[in-house]
Amino acid sequence: MPASPSTARAINDRVALRLLQQEGPLTAGQLKQLTGLSRPTVADLVERLTAAGLIEVVGESGEQRRGPNARLYGIVADRAHLAALDVRTEGVSVVVCDLLGRELARASVPIADDTGTGPAVEQAVTLVERAAKEAGAERLHTVGVGAPGLIDPATGELRDSSGLPEWHRRLVAALQERLPARVIVENETNLAALAEQRDGAARDRDTFVLLWLGHGTGAAVVLDGRLRRGASGGTGEIGFLPVPGTSTLPSATDCEGGFHSLAGSAAIAELAAGHGLVATAVSPGEPEAAALVRQAVATLSSSPSPSPSASSGADRFLSALADRLAIGAASVVAVLDPGCVVLGGEVGQAGGEVLATRVGERLTRMSPLPVEVRASTLGGGAVLRGALLTARESAQDDLFAPRSR
């Protein structure tokens with residue numbers, strides 16, 4: 001059935017707004033060309049969106065041209081302000097942006113293990129409020145939160161997870177109470193996968209698995225362009241995967257003995273020490289494993305050539321690490337046949353093509369299914385980026401929705 005006039009207008013408005021979001025400022029003529037709509041229809045939607053405060057004139061196209069057709073229209077970026085949070089066991093990072101995703105403020109705060117739940121929550125919420133003020137945002141429209149643990153697919157709430165501090169769950173409630181904003185919570189690895197698909201290593205893939213390698217381990221599954229969370233929100237809890245090479249089996253409350261015991265940061269650091277490697281420089285908040293892997297890769301590729309002992313130690317370490325990562329990756333590949341595995345997180349980015357190639361070679365020998373292994377291009381920053389993308393999509397869905405007239 002043909003769309004009603006009001007439905008057609010709403011569809012045209014959304015198309016125009018998405019184009020302005022993706023392409024930047026456009027003239028009415030360019031909107032006409034890109035949308036295929038008639039000139040009167042474009043003029044009508046421009047007038048409608050301007051009156052709604054969603055777009056504005058931001059300049060003119062060409063020095064010689066004047067008049068309505070030369071005006072450049074762009075989305076009103078400060079119509080809404082957004083925040084993205086990356087919640088880790090050791091602290092919180094936040095970035096505040098406008099509706100177009102332009103960064104206006106960034107901050108972080110470490111939270112010690114012995115900090116009480118109340119003080120930890122207060123530190124995190126205060127950080128968000130201070131960043132919003134620095135960005136000049138009177139209020140935040142939407143806040144995207146990336147956190148470790150299980151997100152209930154029915155309620156969107158962060159569930160109790162063993163080993164995670166209580167302040168994680170309390171933080172979400174505190175943000176909802178203190179901020180006049182919509183708060184969206186998502187598993188950190190899922191957000192990293194969304195960011196890698198939009199802006200990173202998986203831009204050309206609609207089916208892939210992100211293997212998160214940071215302080216801990218995890219996986220995110222994207223099939224046919226859709227993020228898959230599972231019946232309980234637990235898709236990708238690969239740290240609990242029973243694997244050979246550990247001294248025990250994981251339990252329902254402890255991933256010790258699972259893949260985490262092979263590929264978590266502490267396990268990788270122990271492996272590196274066994275090959276004579278010691279991290280010389282660890283950035284604040286960075287997993288020690290990432291510094292060790294980056295150092296090993298640099299040792300192999302440095303010029304002039306490193307000492308034979310240092311080079312062989314780095315080479316053996318990376319090979320042993322690739323053996324471990326391939327065990328977990330092979331299990332995922334055998335079940336899902338994703339065609340692509342991205343080594344994500346700080347460790348995946350630090351390993352780069354050197355580590356990805358080694359894991360890929362092992363998967364080729366272990367699995368009959370073709371799979372490409374890629375290194376993350378966003379690293380640990382993928383969580384914040386994914387949280388921001390999620391917040392922006394939600395805000396735009398709300399602001400760009402048709403209003404009754």
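The legends below describe close-up views of a predicted model.

**View 1. Five strands form an open sheet.** The strand order is β6-β5-β4-β7-β8, and the pairing is mixed. Strands β6 (103-110) and β8 (182-187) are the edges, each pairing on one side only. From one strand to the next, the twist averages 15°.

**View 2. Strands β7 and β8 run parallel.** Strand β7 covers residues 142-147. Six bridges join β7 to β8. One bridge pair is Val143 with Val183, the latter in β8. In general, strands of a sheet pair through backbone hydrogen bonds, either parallel or antiparallel.

**View 3. Helix α5 lies across four named strands, β4, β5, β7 and β8.** The helix spans residues 166-178. Strand β4 covers 81-88, and β5 covers 91-98. Helix α5 runs at about 165° to β4. Helix α12 (residues 382-399) also packs on the sheet. Its contacts are with β4, β5, β6, β7 and β8. The direction of α12 makes about 145° with that of β4.

**View 4. Helices α8 and α9 pack against each other.** Helix α8 holds residues 265-274, and α9 holds residues 288-301. Their axes are 8 Å apart, at an angle of about 40°. That angle falls outside the ranges for roughly parallel (under 35 degrees) and roughly perpendicular (65 to 115), so the two helices are oblique to each other. The crossing of α8 past α9 is left-handed.

**View 5. Residues of α8 and α9 meet at the helix contact.** From α8 come Ser265, Ile268, Ala269 and Ala272. From α9 come Glu288, Ala289, Leu292 and Val293. Six of these contact residues are nonpolar, one is polar and one is charged.

Terms used
Residues are numbered from 1 along each chain as its sequence is written. This is a predicted model: local features need pLDDT of at least 70, side-chain atom pairs count only at pLDDT 80 or more; totals for chains, interfaces and linings use all residues. Side-chain values use heavy atoms; hydrogens and water are left out. Axes are lines fitted to C-alpha atoms, for helices over the stretch in contact, and angles run from 0 to 180 degrees between N-to-C directions. Angles under 35 degrees count as roughly parallel, over 145 as roughly antiparallel, 65 to 115 as roughly perpendicular and the rest as oblique. A crossing is left-handed if the near helix is turned anticlockwise from the far one by less than a right angle, and right-handed if clockwise. Contact means heavy atoms within 4.5 Å. Ala, Val, Leu, Ile, Met, Phe, Trp, Tyr, Cys and Pro count as nonpolar, Asp, Glu, Lys and Arg as charged, and the others, Gly among them, as polar. Two strands pair if DSSP finds at least two bridges between them.
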